[in-house]
Amino acid sequence: MDVKAGTPYAGRVRAVGAAIPHDSAELHVSGAAIYTDDIPEPQGLLHIAVGMSETAHARIRQLDLTAVRAAPGVVAVMTAEDIPGENNCGPVVKDDPILAPGLVQYAGQAVFAVAATSVTAARKAARLGRIEYEELDAILDPAQAVVKESFVLPTETIRRGNSREHIEAAPHWLKGRVRLGGQDQFYLEGQIAMALPREAGDLFVYSSTQHPGEVQHLVAHAIGRQSKDVVVECRRMGGAFGGKESQPALIACIAALMAQKTGRPCKLRLDRDDDMLMTGKRHDFVIDYEAGFDDSGRIDGIEFTFASRCGMSVDMSGAINDRTMFHCDNAYFLGDVTIVSHRCKTHTVSNTAFRGFGGPQGMFGIECVVDDIARHLGMDPLDVRKRNFYGIGERDTTQYLQKVEDNLIHEIVERLEHSSGYRKRVTAIREFNAGSPVLKRGIALTPVKFGISFTATHLNQAGALLHVYTDGTVQLNHGGTEMGQGLFIKVAQVVAEELQIDIGRIKLMASDTSKVPNASATAASSGSDLNGKAAQAAARKIKRRMTRFAAEYFSVAESDIEFANNEVRIGPKRIPFAELARLAWFARTSLSATGFYRTPKINYDRSTFSGRPFFYFAYGAAVSEVIVDTLTGEHRLLRADILHDCGQSLNPAIDRGQIEGGFVQGAGWLTSEELWWDDKGRLRTHAPSTYKIPTSSDVPPEFHVTMLESVANREDTIYRSKAVGEPPLMLALSVFHALRDAVHSVDDYGRVPKLEAPATPEAVLEAIALQRGDGSSA
C-alpha cells in the first residue's frame, strides 16, 4: 500500500496511557496463573520443614535431633554446622544467620531444617526436635531498648537551625508520645523457594522474591559457590508489599543448601503461621515530639525522637529509619528541626521492608503533631495543615536540604477540599455529634508528599533485554518483578508504544538473573520508572537499527521512515512490522538489544544527611469520614474521597487499583492489624484468626477516587508518569485522624485526644475513657 511521502499515519498504536487490563488478570481469576508452588514438581523432589526456636533469647545447650532423623520419610537433616559457605542471609550486614549457630534471638528463629518425601512428613518430623535452652534476658520493646541502649545500628541525628531556641521562644508549646504498631505483609502466596541441582554443582532456584539478584548472591555465598553458579527465576508473586525483598533469601538459602546436601530438588513452602513467626514486618515505633508554634498553628521549632523495633538484626533497618527521618515532614516545612532516630535491637524477628519503607511512620508522626496543635488551639486541623505546607518559591527546602521544586500540594488540597464538600461536612458532623450521645462521627483531610527513588543512590539503575523475532513478535525481559502491581503490563506498554506494535505481540518473560544481571529490588515505587526507561532504551536501540537498515535497503532518508500501527512507512510505501523484521534479519541486522537506565540528578551524602535523595515527589490527599460506637469502640469508614497525583499515567486502570488498594491496606495498618507479643516474646497474632487484615466489607460504601492527570511530571520520567506503588498507602492517615476527631467529640472537643495506632475497638474505647476523664468508657 502506498502513501504520500512525508505524511504521518493518522492511526497509531496507543499503548501508553491506555487502561489495559493486567497481563495476568484472566489467569488470576481463572486459577491458571503459575506461581512457584504450581510449577510441576521434578522427580525425586524433597519437601523441607524448619525447626524453630520457642524462646526469644537463649543459648542452645543441647540440640537432640535423633527422633527427627528417625521419623518416617526423612531423608536429611541440617543444622548450622552443615552449611559449607556463609551462614548468613542478611542483605546489608552479615548478622542474620540462616540457621541459629548456638544462640537464638527471637521466638520463631530457624534452628534446623529437615527434608522428607512429603510436606506432611517433613512438618511432623520438625516437631520432634528437642532443644534445651539456657534462657537469657530478652528485650521486647523499643522503649526498653532505648533505656538499655540496645541498638542494631548507631543512633542518627538530623539538625537544621536551632530547634530548642525556637521551641522555647514560641507562644505555644506541646509535647507528646505516641505508639505506632507494625504490620504483617500478609501476602496471599506465602514464602516459598524450590532449588534444582544442575550439573557441576550449579543450582537453579525458583523463588517468590522481589529481588532475584540478592537471592542469587546470598544463595551462592551460602553454598560456597559464586554468583555465576546460581540462576534465580521469578515469574510472579502472589503479593509481596516489601515482605519479599530481603526475607526470601532465608527460604531460598535453606532450599538451596538442602538441594546441595542431598543432590535432589528441594522445596520449602512455609505455612501461614510459620511464615508470620519467621519473617519480618513493618517496623513499629515509639514517637516522642516537642513543638513550639504561634497563634495560627505554624510550627516555629520541633524535635522528634523515633525509636523503632528493628528486631534481632539489621536487615534493611538502616535505610528504613533514614526514610522515616526524611518523611517526618510529610508536606510541611520544618525550618528549625532536630530528628533523633534510634534503631533498636529487640529479641523479636528482624523487621523489614513494607510498602512505604519507613516513610509512613515518619508521616504519621508529623500528622499527629499537626493534629495536636490544631486541637490545642481549637482550630480546624485542615487550616493548621495548610498553614504549615511547603511554599512555592519560599519555605521550600527539606530537612535534608533538597529543594521542593514540584509542589502540587496546595492545588490538590484546595481541589479536594471543594470536591469533597469538606467544610459543609465538618459542620454537619458537629451538629450530628451534638445530638448523638452514643454514635459519634469524625472527619479529616490529610496530605501526602512522598519522595521517589532508592535513598541508596547506587540502587537507582535498571537493565532490560529485548528480542524481536522474524515474525514480528517480541520477548521482553527486565530486572523488575511482578507481584500483582502491574509492572509487567506497564513496561510492555512502553515497548508497544516505542515499536508501534500491538501489545499482544509482546511476550512478558519471567525475571531471570541469567537474562538481566545485578538488578535492584522491585521496591521504592521505582519499578516502572527504572525498568520502563531501560526497556525503552532497548526498544529504541532496535528501532534505530531497523530504521538504518530500511533507509539503506529502500534508498530513502531515515527521516522518511515512521513506525505506526503495526506497520512501517518507508517513503511512499508501508510494510508490516514483521516484514521489516524478516528483511532486517536476512540482512544480518541484530534484532536483540539490552537497555540500561540510571536515574539522573540524584545525589546524597549520608554522612551529613543532605543532598537530593529523591528524583521527584508524588502528591495526594484524602478525606475520610468515620462513625464510632462509644459504647464498644467499634467503628466504620463511611466515605473516602481521594485525589492523587500520577503525573501522566502509564495505565489509569492499574494506577487506580494501586490507589484504592494502597489506601485500604493503610487503613488496615492504622485500625485493625495488631501484632501482639506476650511477655515471653512470642508472637500470638500469627494467623487470620487473630490478625485482622481489611476485607471487602471494610471498603467505604462511598469511595471516590480521582487521579490528577492534568499535570505531567516535571522530571523526565518514563512518559512523564509518576510512581504510584507506595504513596497511596499514606492517604489512610486521614482514616486515623477522622477517628481522632470522633474521639475528640466525646467531651465536646475539649482536651486533645490520646489515640494510638492501630486504632482497634479496644484502643478507641480506651481513648474515649481518657477523653471523658473518668476512667470509664461508658
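In the predicted model, helix H11 spans residues 381-388, and its buried residues are Pro381, Leu382, Val384, Arg385 and Asn388. These residues cover an arc of only 160° around the axis, which puts them on the same side of H11. Several elements cover that buried set. Among the helices are H10 (359-377), H12 (409-419), H13 (422-434) and H18 (733-744). Strands E14 (299-311) and E16 (439-452) also contribute to the cover. The N-terminal end of H11 is capped by Asp380. A side-chain oxygen of Asp380 lies 2.8 Å from the backbone nitrogen of Leu382. Leu382 is thus named twice here, as a buried residue of H11 and as the partner of the cap.

Aromatic contacts were examined next. The structure holds 20 aromatic pairs. One of them joins Phe549 and Tyr553, with 5.2 Å centre to centre and 35° between the planes. The pair is tilted, because planes under 30 degrees apart would count as stacked and those over 60 as edge-to-face. Both residues belong to helix H15 (residues 527-554). They are four residues apart, about one turn of the helix. An α-helix has 3.6 residues a turn, so residues three or four places apart point the same way. The two residues fall into separate accessibility classes. Phe549 has 10% relative accessibility and counts as buried. Tyr553, at 47%, counts as partly exposed.

Helix H15 also holds Thr547. Thr547 is buried, with a relative accessible area of 12%. Beyond residues up to four places away in sequence, Thr547 touches Glu558, Ile561 and Phe563.

Elsewhere, aromatic residues gather in a cluster. One such cluster is formed by Phe326, Tyr400, Tyr604, Phe609, Phe614, Phe617 and Tyr619. Charged groups also meet rings. The charged end of Arg309 sits over the ring of Trp677, 4.3 Å from the ring centre. The charged end of Arg236 is placed over the ring of Tyr35, at 5.9 Å from the centre.

Two residues of the segment before helix H1 (25-30) were considered in turn. Val16 is found in this segment. Its relative accessibility is 14%, so Val16 counts as buried. A contact distant in sequence involves Val494. The C-alpha atoms of Val16 and Val494 are separated by 6.1 Å, although the two residues are 478 residues apart along the chain. Val494 is also among the residues that Val16 touches. The others listed are Gln493, Glu497, Leu650 and Tyr719, with residues up to four places away in sequence not counted.

His22 lies in the segment before H1 as well. At 13% relative accessibility, His22 counts as buried. A polar atom of the His22 side chain lies 2.9 Å from the backbone nitrogen of Ser24. Leaving aside neighbours within four places in sequence, His22 is in contact with His28, Glu482, Gly484, Gln485, Gly486, Ile489 and Ile654.

Gly463 is placed in strand E17 (residues 461-468). The relative accessibility of Gly463 is 14%, and Gly463 therefore counts as buried. Gly463 and Lys533 are 70 residues apart in sequence. In space, their C-alpha atoms are 8.8 Å apart. The contacts of Gly463 include His478, Gly479 and Val516. Asn531, Ala534, Gly595 and Phe596 are also touched by Gly463. Residues up to four places away in sequence are not counted in this set.

Cysteine pairing was assessed last. The count of disulfides is zero, where a disulfide requires cysteine sulfur atoms within 2.5 Å. For Cys89, the closest cysteine sulfur is that of Cys253, at 6.1 Å, which is too far for a bond. Cys89 is buried, with a relative accessible area of 6%. For Cys234, the closest cysteine sulfur is again in Cys253, at 16 Å, too far for a bond. Cys234 counts as buried because its relative accessibility is 1%.

How values were computed: Residues are numbered from 1 along each chain as its sequence is written. This is a predicted model: local features need pLDDT of at least 70, side-chain atom pairs count only at pLDDT 80 or more; totals for chains, interfaces and linings use all residues. Side-chain values use heavy atoms; hydrogens and water are left out. Rings of Phe, Tyr and Trp (its six-membered ring) pair if their centres lie within 6.5 Å; planes under 30 degrees apart count as stacked, over 60 as edge-to-face and the rest as tilted. Buried means under 20% relative accessible area, exposed over 50%, partly exposed in between (1.4 Å probe, protein chains only). A charge sits over a ring if NZ of Lys or CZ of Arg is within 6 Å of the ring centre and within 35 degrees of the ring normal. The arc is that of the directions from the helix axis to the C-beta atoms. Contact means heavy atoms within 4.5 Å. A polar contact is a pair of N or O atoms within 3.5 Å; within protein, one must be able to donate a hydrogen and the other to accept it, and residues adjacent in sequence count only if both atoms are side-chain atoms.
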